[in-house]
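Please open the model in a viewer and keep the selection panel at hand. The tour proceeds by selections, each followed by a description of what is found there.

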Amino acid sequence: MNMLNVDTKPIDGQKPGTSGLRKRTAEFSVPGYLENYVQSTFDALGGVLGNTLVVGGDGRFFNAEAIGTILRMAAANGVARVIVGQGGILSTPAASNMIRQRKADGGLILSASHNPGGKNGDFGLKYNISNGGPAPEAITAKIHEMTTKLTRYLIAEEDAPSIDTLGETRFGDMVVEIVDPVTDYATLMEDLFDFDAIRDLFASGFTMKFDAMHAVTGPYATEILERRLGAPAGTVMNGVPSVDFGGGHPDPNPVWAKPLVDLVMSDAGPDFAAASDGDGDRNMILGRGLYVTPSDSLAVLAANAHLAPGYARGIAGVARSMPTSRAADRVAAKLGVNAFETPTGWKFFGTLLDAGHATICGEESAGTGSDHVREKDGLWAVLLWLNILAKRRESVAEVMAQHWAEYGRDYYSRHDYEEVDKAAAEAMIDALRGRLDGLAGTAAGPLSVERADDFAYTDPVDGSTSAHQGIRLFFEGGARAVMRLSGTGTVGATLRVYLERFEAPDGDHSLDAQEALAPVIAAVEAVAGIKDATGRDAPDVRT
Ligand code: VG1
Ligand code: CO
């Protein structure tokens with residue numbers, strides 16, 4: 001087979017963010033763009049000669065075409081075997097599992113996650129290492145460095161084989177193996193959870209809706225919930241993946257999954273509902289009349305994990321990203337297990353999971369997972385909730401009320417200001433950073449600042465450090481606010497403001513979160529001047 005050595009020049013801006021490289025589809029699909037980034041990734045790894053790689057994505061526009069290019073480049077770079085999800089489909093957690101099960105050297109996951117897809121949407125690509133997790137910062141930095149000095153890429157001249165038919169084919173010296181994307185993952189879930197108990201729960205008349213949001217979890221949820229667990233047909237909504245997610249925004253939160261939230265809030269609503277994002281690693285949990293914040297969900301899952309067979313022996317620790325509420329810390333303290341606070345992004349959990357220091361991890365952005373893979377896992381969280389409900393035979397509302405009565409409630413909300421002017425947003429954060437030292441003891445609207453800092457992290461396992469991970473404002477009385485700029489957006493900047501206030505076990509747990517947080521919202525505005533800096537009166541999204 002003829003291998004081409006194509007001359008190229010570095011392309012600006014190929015810098016991986018919180019979770020791989022994300023760009024507008026129009027930019028990613030310009031001939032040479034993907035090729036440059038893939039070659040830079042291979043070069044950053046010191047080459048991929050003889051490697052086994054897993055490749056799959058969330059099925060968005062350009063997914064199949066991009067996989068064809070990746071196969072041609074893998075062959076030209078001497079990869080021995082590529083394992084591809086049939087039709088190019090692999091959810092992010094299923095890809096992580098596949099890398100681990102098949103002892104692959106790594107994997108390429110094609111997704112821009114919760115960002116909209118389609119010709120006018122976003123596309124993304126990330127590299128995962130042999131533990132199944134996102135490449136750590138040392139590797140992503142190296143990939144970026146390689147993109148700035150690339151002079152050539154290697155690619156097979158011939159078209160890649162079809163990715164639609166199961167089985168092995170040869171492509172030059174490389175084996176292309178097309179596998180069912182669902183089976184291995186579904187089997188892993190059966191190992192972790194009490195499927196008999198969940199089956200009994202459904203048989204008892206318990207009702208559920210799962211919104212796959214026209215994204216990758218459709219086939220996984222249909223197989224697991226409807227086929228293996230006996231939930232009635234129609235439990236899974238929007239279960240057929242489409243290249244543009246039905247024109248929607250596959251982000252499982254109260255804004256973008258509003259139809260599901262409205263259903264749950266109505267009298268005719270199901271007992272339990274959930275949704276997942278574009279690539280299947282996020283989850284939203286709802287009970288009749290109730291939205292469970294991701295931070296609370298993490299705490300409840302940690303406190304009740306022992307009810308599932310996979311965690312019956314107990315957990316070693318809980319890790320959460322810094323902006324995630326401190327609810328999980330209280331559970332860890334009570335259980336007497338480790339609690340970790342990491343920067344935003346799943347890549348920071350990998351070392352803790354590998355070392356056995358943490359078993360359950362979570363982020364306020366609807367990401368929860370455990371040591372069963374090295375990615376967050378939307379369906380895993382849904383199944384653990386189902387397992388807990390099946391064992392406790394209580395409603396979601398009852399589970400939450402009891403949790404708050406035992407641990408107290410961390411009222412929590414995240415406010416996002418999307419596509420704001422990048423320079424203005426950066427200037428606001430920089431100015432705040434410059435004032436941090438003088439903030440302690442000053443008034444902030446209705447509150448006063450106790451201390452303020454810029455979060456920095458030292459990985460306790462490998463000693464690597466990450467600075468400037470978010471401005472933290474701690475207020476007298478225990479409230480907290482965090483501000484940072486998103487690393488997954490593709491246009492302008494997105495400012496995220498994370499708000500939190502603790503209410504003791506014997507306090508009032510029945511308030512609306514926005515009302516409960518009103519003093520914290522006012523305090524942040526007084527300190528940071530968000531309205532002025534962004535020119536916005538209100539956030540675009542509140543979760
Ligand atoms: C966001 C979330 C972060 C998450 C990341 C990837 O990053 O805040 O918690 O790990 O998305 O999730 P940022 O930098 O935009 O805040 V996913 O489901 O988009 O891969
Ligand atoms: Co995602």
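Select Leu389 together with Leu201 and Phe272: leaving aside residues up to four places away in sequence, Leu389 touches these two, a contact being a pair of C-beta atoms, placed from the backbone, within 7 Å. This is a predicted model, in which local features need pLDDT of at least 70, side-chain atom pairs count only at pLDDT 80 or more, and totals for chains, interfaces and linings use all residues. Residues are numbered from 1 along each chain as its sequence is written, while chains are lettered from A and ligands numbered from 1 in the order in which they are written.

Leu389 belongs to helix 13 (residues 378-392); helices (H or I, at least four residues) and strands (E, at least two) are DSSP runs, numbered from the N terminus. Is Leu389 buried or exposed? Leu389 counts as buried because 24 C-beta neighbours lie inside 10 Å. The term buried requires 20 or more other C-beta atoms within 10 Å of a residue's own, exposed means 12 or fewer, and partly exposed lies in between, with C-beta atoms placed from the backbone. Add Asn304 to the selection: its C-alpha is 9.9 Å from that of Leu389, although the two are 85 residues apart in sequence.

**The five-stranded sheet**

Next, display the open sheet of 5 strands with the order 11-10-12-13-14 and mixed pairing; two strands pair if DSSP finds at least two bridges between them. Strand 11 (236-237) and strand 14 (290-292) are the edge strands, each pairing on one side only. Strand 10 (residues 208-211) runs parallel to strand 11, and 2 bridges join them. To see the register, pick Phe210, whose bridge partner in strand 11 is Val236.

Now add helix 9 (residues 258-265), which lies across strand 10, strand 12 (272-276), strand 13 (283-287) and strand 14. Helix 9 runs at about 175° to strand 12; axes are lines fitted to C-alpha atoms, for helices over the stretch in contact, and angles run from 0 to 180 degrees between N-to-C directions.

**The four-stranded sheet**

Move to the open sheet of 4 strands, ordered 16-15-17-18 and also of mixed pairing. Strand 16 (338-342) and strand 18 each have a single partner strand, so one side of each is left without a neighbour in the sheet. Direction ignored, neighbouring strands here are turned by 15° against each other on average.

Strand 15 (residues 317-321) pairs with strand 16 in the parallel sense over 5 bridges, with Val318 opposite Ala339. Helix 11 (residues 327-335) lies across strand 15, strand 16 and strand 17, at about 165° to strand 15.

On the other side of the order, strand 17 (residues 360-363) and strand 18 are antiparallel, with 4 bridges, and Cys361 stands opposite Gly369. Their hairpin has 3 residues between the strands, and Ala366 takes a positive phi near 75°. In a regular strand the side chains alternate between the two faces of the sheet. Strand 18 (residues 367-370) is covered on both faces, with Gly367 and Gly369 buried on one side and Thr368 and Ser370 buried on the other.

**Two helices**

Select helix 14 (residues 396-407) and colour Val396, Val399, Met400, His403, Trp404 and Tyr407, which are buried. Viewed down the axis of helix 14, its buried residues fall within an arc of 125°, so they line one face; the arc is that of the directions from the helix axis to the C-beta atoms. Gly408 follows helix 14 with a positive phi near 85°.

Select helix 2 (residues 33-44) next: 11 of its 12 residues are buried, so helix 2 is largely enclosed by the rest of the structure. Its buried residues, including Tyr37 and Phe42, pack against strand 2 (21-24), helix 1 (25-28), helix 3 (63-76), strand 6 (122-128), helix 5 (137-147) and strand 7 (152-156). Just after helix 2, Gly46 takes a positive phi of about 80°.

**The whole chain**

Finally, zoom out to the chain, with its 18 helices and 27 strands. The C-alpha trace spans about 70 × 60 × 40 Å along its principal axes. Buried residues make up 53% of the 543 residues. Of the contacts with a separation of 6 or more, 74% join residues 24 or more positions apart.
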